[in-house]
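User: I have a model open and want to go through it in short steps. Please reason from the computed values and end each answer on what I asked for.

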Amino acid sequence: MKKNWLIWAPLALFAFLGGIFLYGLVEPKDEYVRSNLVGRPLPEFALPAATEGVQGLSNTDFADGKPRMLNIFASWCLPCKAEAPFLEQIKEAGVEIHAIAIRDKPEDVAAFLAEHGNPFVRIGADMDMLIQLKLGSSGVPETYLIDGKGRIIHQHIGDIRAEHVEPLIAKLKEAK
Amino acid sequence: MKRFVIACALAFSIVPAAAQEGLPPPLANQQLADPAQEARALELMQRLRCIQCQGQSIHDSDAPIAAAMRHEVRERIKAGQSEAEIESWLIERYGDWISFAPPASGSGLILWLLPILVLGGALLVARGRFRKREA
């Protein structure tokens, strides 16, 4: 009779699996793929201007002692339109924002900026997403915080909403 | 109201992938000239996970980011890099998640060891049962 406890093993296993299923049901799945580059220097890149009248963007535009934001957007991306007013707020708070436009035509970028405003200092064009890949970014919009030494200190995935504005500015100020 | 309806229609309208701007990078859908290199690239592309459509490999996926990843793989194979080098370049950016084969270390080790443990346990139980019958 010493092995009687084994009889409970299937029930315990069942309860364990049930617990896992229940957890999966209650806890929504996090489908974001985060960049592994947070805490590391911005990879090297040099992008041409995304449209007329703006300047292109390279990694050397960052490491000059001033923390900045790097916004990854596209004119064809709806949440990018939604976050435009909040980028404007961040700019008004004195933050310099550079941007990369993903798979975009110059005329579409121009139309996007005309309609939603242009909070960006420089806008590089990443036509084939190869630089996005280099950054470990997985979609649009995404925003990186870059410290004065050109290191990535934070990655914000998805559109910036009202509640994100203050924390992002605070994080960037800390980075100085 | 009319504006709202139009906005909704726009928001939920389906845009075909081709309507999004830009051509994929050249090596995304073009095989390498050297068949041996192409075979290596293909094998690796089947093992790498697409970031956008997460259940698919970059070989199977039509997503633009998968095209960029295929280009990157072929370009690096062409330049003489090994599969392991390319894989670690991607893992450096996206984490272990990017590979369909979890690493046999850390929590990934559980995945590799579990089948062996379960099989071992089952054999032990089975042995005990057979012995009882014989007795």
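Analyst: Happy to. This is a predicted model. A starting point is α3(B): 12 of its 15 residues are buried, so this helix is largely enclosed by the rest of the structure.

User: Which residues of α3(B) are buried?

Analyst: Buried here means that 20 or more other C-beta atoms lie within 10 Å of the residue's own. The list includes charged side chains, since Arg, Glu and Lys count as charged. In α3(B) the buried residues are Pro64(B), Ile65(B), Ala66(B), Ala67(B), Ala68(B), Met69(B), Arg70(B), His71(B), Glu72(B), Val73(B), Arg74(B) and Ile77(B).

User: What do the buried residues of α3(B) pack against?

Analyst: The partners come from both chains. Within chain B they are α2 and α4. From chain A the partner is α4 (130-134).

User: How far apart are the end C-alpha atoms of α3(B)?

Analyst: The helix has 15 residues. At 1.5 Å a residue they should span 21 Å, and the model agrees, which means an end-to-end distance of 21 Å.

User: Which residue just after α3(B) takes a positive phi?

Analyst: Look just past the end of the helix. The phi there is about 95°. The residue is Gly80(B).

User: How many residues does chain B give to the contact with chain A?

Analyst: Chain A gives 19 residues to this contact. The elements of chain B that give two or more are α3 (64-78) and α4 (83-94). The largest share, six residues, comes from α3(B). By type, the chain B side divides into 10 nonpolar, six polar and four charged. The number from chain B is 20.

User: Why do the buried residues of α2(B) line one face of the helix, and what arc do they fall within?

Analyst: The buried residues of α2(B) are Ala41(B), Leu44(B) and Met45(B). On the other side, Pro35(B), Ala36(B), Glu43(B) and Gln46(B) are exposed. Seen down the axis of α2(B), the buried ones fall within a limited arc, so they line one face; that arc is 100°.

User: What do the buried residues of α2(B) pack against?

Analyst: Helix α2(B) covers residues 35-47 and reaches 19 Å from first C-alpha to last, close to the 18 Å expected. Its buried residues pack against two helices of chain B. They are α3 and α4.

User: How many helices does chain B have?

Analyst: From the N terminus on, the elements run α-α-α-α-α. There are zero strands. The helix count is five.

User: What distance separates the centres of the two domains of chain B?

Analyst: Domain 1 covers 23-101 and domain 2 covers 103-135. Their centres are taken over C-alpha atoms. The separation is 36 Å.

User: What share of the residues in chain B is buried?

Analyst: Chain B has 135 residues. Among its contacts with a separation of 6 or more, 51% join residues 24 or more positions apart. The buried share is 21%.

User: Where does UniProt list a transmembrane region?

Analyst: The listing is from an unreviewed entry and concerns chain A. In the model that span is 86% helix and 0% strand, with end C-alpha atoms 31 Å apart. The listed residues are 6-26.

User: Is Leu22(A) buried or exposed?

Analyst: Leu22(A) lies in helix α1 (residues 9-26) of chain A. Its C-alpha is 43 Å from that of His98(A), 76 residues apart along the chain. A residue counts as exposed with 12 or fewer other C-beta atoms within 10 Å. Leu22(A) has 10, so this residue is exposed.

Technical notes:
Residues numbered from 1 in each chain as written. Chains lettered and ligands numbered in written order. Predicted model: local features only at pLDDT ≥ 70, side-chain atom pairs only at ≥ 80, totals over all residues. UniProt positions renumbered as here; feature names shortened; annotations may be inferred. Helix = DSSP H or I, 4+ residues; strand = E, 2+ residues; numbered from the N terminus. Contact = placed C-beta atoms within 7 Å. Domains from an automatic or database assignment. Expected span 1.5 Å × (residues − 1). Arc of directions from axis to C-beta.
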